[in-house]
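Here is a quick walk through one protein chain, starting at a hairpin and working outwards. Have the fold open while you read.

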Amino acid sequence: MKNSAINGGVLLGKEYIFYIARLDPPLKGREFGEHPINKPRRFKLRRETMENAIGVKEEAMGKTLDVRDMAPKERHPKIFETFNALKAGESFVLVNDHEPKPLLYQFQAEHDGQFDWWPLEQGPAVWRVMIVRRKEPDPERTVTEYMQSDHRRLDSIFGRFLASVKEKRWDDASGEFREFSLGLKRHIRAEEDILFPVFEEKTGMRDAGPTVVMRMEHKDIHELLDRILKNTDAKEDSRISADSFTIANLLADHNMKEEHILYPESDSLIEERERKEVIKKAQTL
Ligand SMILES: [Fe+2]
Ligand SMILES: [Fe+2]
């Protein structure tokens with residue numbers, strides 16, 4: 001995406017609409033202080049889809065492979081057989097009874113750049129992870145591309161959650177919000193524990209740079225996530241609406257700053273080898 005466009009979302013009534021906005025004037029400033037977030041801009045509204053986010057069509061998302069009843073030595077061969085049978089842009093959800101870390105390491109070693117790994121549930125009894133055969137394999141993918149597709153993936157889950165709340169499908173809403181919250185908290189950990197320290201080391205900006213602002217906003221995001229989950233379990237629609245509006249706006253602004261400043265800046269500062277490390281480590285969270 002060019003520097004003159006942003007993505008994000010707004011709640012219109014009870015409908016959540018994702019948008020790409022063309023900034024007018026285009027984004028020029030590199031400092032947060034010059035950021036034109038509050039300047040007039042035109043919106044082109046559209047909905048976020050999983051296909052746009054991570055290259056997987058909705059109809060190619062239904063497959064599940066539950067290996068809990070299989071003998072341990074049969075599990076990995078079956079999982080790789082399933083992965084190898086996927087076409088580009090298809091996925092399956094692996095269901096397991098323990099954290100599948102050795103499996104991830106095997107994927108990283110044998111299928112570098114060909115897969116995506118998006119955990120949906122992480123214990124204590126069940127682990128679920130969405131494994132995707134990437135549409136365009138790319139072992140040299142950038143941090144920007146990786147983190148941005150996670151933003152969009154999360155936007156898409158959040159959109160599904162809001163639709164479920166609107167239709168009062170509370171079980172769906174609760175499952176979807178758990179996926180959203182888990183995904184966003186992992187994403188924030190990837191930033192705070194893996195990416196930001198690299199950025200801070202390269203720029204020397206530790207106490208007054210953009211990562212300080214991002215970390216502060218992450219705290220607000222965490223609070224909102226926990227509150228929305230509580231209110232979803234309690235089926236409190238009106239409170240969910242208000243907090244959803246807040247988190248949607250906060251994320252639209254926050255993600256834009258990361259996608260246009262922090263991530264590209266990180267990509268330009270670090271070497272290819274380090275970029276790879278950041279992404280590999282982020283997948284293990
Ligand atoms: Fe962030
Ligand atoms: Fe982010």
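Start at the hairpin of β6 and β7, where four residues sit between the strands and Gly 123 takes a positive phi near 80 degrees. Strands here are DSSP runs of E, at least two residues long, and helices are runs of H or I, at least four long, numbered from the N terminus.

A word on the ground rules: this is a predicted model, where local features need pLDDT of at least 70, side-chain atom pairs count only at pLDDT 80 or more, and totals for chains, interfaces and linings use all residues. Residues are numbered from 1 along each chain as its sequence is written, while chains are lettered from A and ligands numbered from 1 in the order in which they are written.

**The sheet**

The hairpin belongs to an open, mixed sheet of four strands in the order β4-β5-β7-β6. β4 (64-66) and β6 (115-122) are at the edges with a single partner strand each, so one side of each has no neighbour in the sheet. On average, neighbouring strands are turned by 20 degrees against each other, direction ignored; the axes are lines fitted to C-alpha atoms, with angles between N-to-C directions running from 0 to 180 degrees, and for helices the fit covers the stretch in contact. Strands count as paired if DSSP finds at least two bridges between them.

| Pair | Sense | Bridges | Facing residues |
|---|---|---|---|
| β4 and β5 | parallel | three bridges | Leu 65 and Leu 94 |
| β5 and β7 | antiparallel | six bridges | Val 93 and Met 130 |
| β6 and β7 | antiparallel | seven bridges | Trp 117 and Ile 131 |

β7 (residues 127-133) is mostly covered, with five of its seven residues buried (20 or more other C-beta atoms within 10 Å of a residue's own, C-beta atoms being placed from the backbone).

**The helices**

The largest nonpolar core has 18 residues, and Phe 158, Phe 161 and Phe 180 touch the most other members. α4 (143-166), α5 (170-203), α6 (210-233) and α7 (237-269) each supply at least two of its residues. Such a core is a set of buried Ala, Val, Leu, Ile, Met, Phe, Trp, Tyr and Cys residues joined through C-beta atoms within 7 Å.

How do α5 and α7 meet? Their axes come within 10 Å and cross at roughly 60 degrees. Leu 195, Val 198, Phe 199, Lys 202 and Thr 203 in α5 meet Leu 262, Ser 266 and Leu 269 in α7, contact being C-beta atoms, placed from the backbone, within 7 Å.

How values were computed: A residue is buried if 20 or more other C-beta atoms lie within 10 Å of its own, exposed if 12 or fewer, and partly exposed in between; C-beta atoms are placed from the backbone. Two residues are in contact if their C-beta atoms, placed from the backbone, lie within 7 Å.
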